[in-house]
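The following note comments on the fold, the packing and the backbone of the structure shown below. The points are numbered so that each may be considered separately.

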Amino acid sequence: MNDYYFGQFTTEHLELIQEGLNLFNTGHYWMCHEVVEDLWMDSIGDNARYVYWVVIQLATALYHHEDDNLNGASGMVNKAKGKIDFIEKNHVESDIMDRYLDWQNLKSIVKAIPTKATLRDFSKLKAFKFPVQN
């Protein structure tokens, strides 16, 4: 992934999203949603905003999961899958995502959650943590 494409996720995006990732990792899913949503809203026209959108939807899914709201959790994961498809097709993925977001692992976890999921299907997502930045 050495070629750069406009809209690709960069170190600047990583710096901006870091607070949200830390909130995600500590289980503060709704606060993660709120923090990252502000980034998403400020990034209109930048395809990298779809990475923010995935994090928002996964945090919201886990927030619903904590309340045993299967419909809410499944709905958000299924929407996140669509954003992941967009990211793949539009060259948003970058080495930075793989290295600092554990992106390939996160994608495989999300894609493995069935469309008609049970609450147990979220166990790997619930256990997922973004790599800690120093």
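1. Directly after helix α3, Asp 68 adopts a positive phi of about 55°. This is a predicted model, and the backbone at Asp 68 should be read as a feature of that prediction. Asp 68 takes this positive phi although it is not a glycine. Most residues other than glycine have a negative phi. Asp 68 is located in the loop between α3 and α4. With a relative accessibility of 57%, Asp 68 counts as exposed, because the cut-off for that class is over 50%.

2. Asp 102 offers a second case of this kind: its phi is positive, about 50°, although it is not a glycine. Asp 102 belongs to the loop between α5 and α6. Its relative accessibility is 26%, so Asp 102 counts as partly exposed. A positive phi is also found at Gly 27, which follows α1 and has a value near 80°.

3. Helix α3, which precedes Asp 68, has 18 residues. From its first C-alpha to its last, α3 reaches 26 Å, close to the 26 Å expected at 1.5 Å a residue. Of these 18 residues, 14 are buried, so α3 is largely enclosed by the rest of the structure.

4. Val 51 is one of the residues of α3. Its relative accessibility is 0%, and Val 51 therefore counts as buried. Leaving out residues up to four places away in sequence, Val 51 touches Phe 9, Ile 87, Val 92, Met 97, Leu 101 and Trp 103. Between Val 51 and Ile 17 the separation is 34 residues in sequence, while their C-alpha atoms are 9.5 Å apart in space.

5. Ile 17 also marks the centre of a kink of about 50° in α1. How does the end-to-end distance of α1 compare with the span expected at 1.5 Å a residue? The 15 residues of α1 (residues 11–25) should span 21 Å, and the end C-alpha atoms are 19 Å apart, which agrees. The kink in α1 should be kept in view when this helix is described.

6. Which residues of α1 are buried? They are His 13, Leu 14, Ile 17, Gln 18, Gly 20, Leu 21, Leu 23, Phe 24 and Asn 25. The cover over these buried residues includes α2 (29–41), α3 (49–66) and α5 (95–101).

7. The largest nonpolar core contains 43 residues. Within this core, Phe 9, Ile 17, Phe 24, Leu 58 and Leu 125 touch the most other members. At least two core residues are supplied by each of α1, α2, α3, α4 (70–89), α5 and α6 (103–112). The largest share, ten residues, comes from α3.

8. Leu 125 deserves a separate remark. Not counting residues up to four places away in sequence, Leu 125 touches Leu 58, Leu 62, Val 77, Leu 106, Ile 109, Val 110 and Ile 113. Among these partners, Leu 58 is, like Leu 125, one of the core residues that touch the most other members.

9. Is Ser 74, in helix α4, buried or exposed? At 10% relative accessibility, Ser 74 counts as buried, because the limit for burial is under 20%. Apart from neighbours within four places in sequence, Ser 74 is in contact with Thr 115, Ala 117 and Phe 122.

10. As to the overall fold, the protein chain has seven helices and zero strands. Along the sequence the pattern reads α-α-α-α-α-α-α. The radius of gyration is 14 Å, close to the 14 Å that the globule rule gives for 134 residues, so the protein chain is as compact as a globular protein of that length. The C-alpha trace spans about 40 × 25 × 25 Å along its principal axes.

11. Some totals for the protein chain complete the note. Of its 134 residues, 48% count as buried. Among contacts between residues at least 6 apart in sequence, 65% join residues at least 24 apart. The accessible surface comes to about 7,100 Å², and 52% of that surface belongs to carbon and sulfur atoms.

Terms used: Residues are numbered from 1 along each chain as its sequence is written. This is a predicted model: local features need pLDDT of at least 70, side-chain atom pairs count only at pLDDT 80 or more; totals for chains, interfaces and linings use all residues. Side-chain values use heavy atoms; hydrogens and water are left out. Helices (H or I, at least four residues) and strands (E, at least two) are DSSP runs, numbered from the N terminus. The expected span of a helix is 1.5 Å times one less than its number of residues. The bend at a residue is the angle between axes fitted to the seven residues ending there and the seven starting there. Buried means under 20% relative accessible area, exposed over 50%, partly exposed in between (1.4 Å probe, protein chains only). Contact means heavy atoms within 4.5 Å. The radius of gyration is taken over C-alpha atoms; the globule rule is 2.2 Å times the number of residues to the power 0.38. Accessible areas come from the Shrake-Rupley method with a 1.4 Å probe; for residues, only the protein chains shown count as cover. A nonpolar core is a set of buried Ala, Val, Leu, Ile, Met, Phe, Trp, Tyr and Cys residues joined through side-chain atoms within 4.5 Å.
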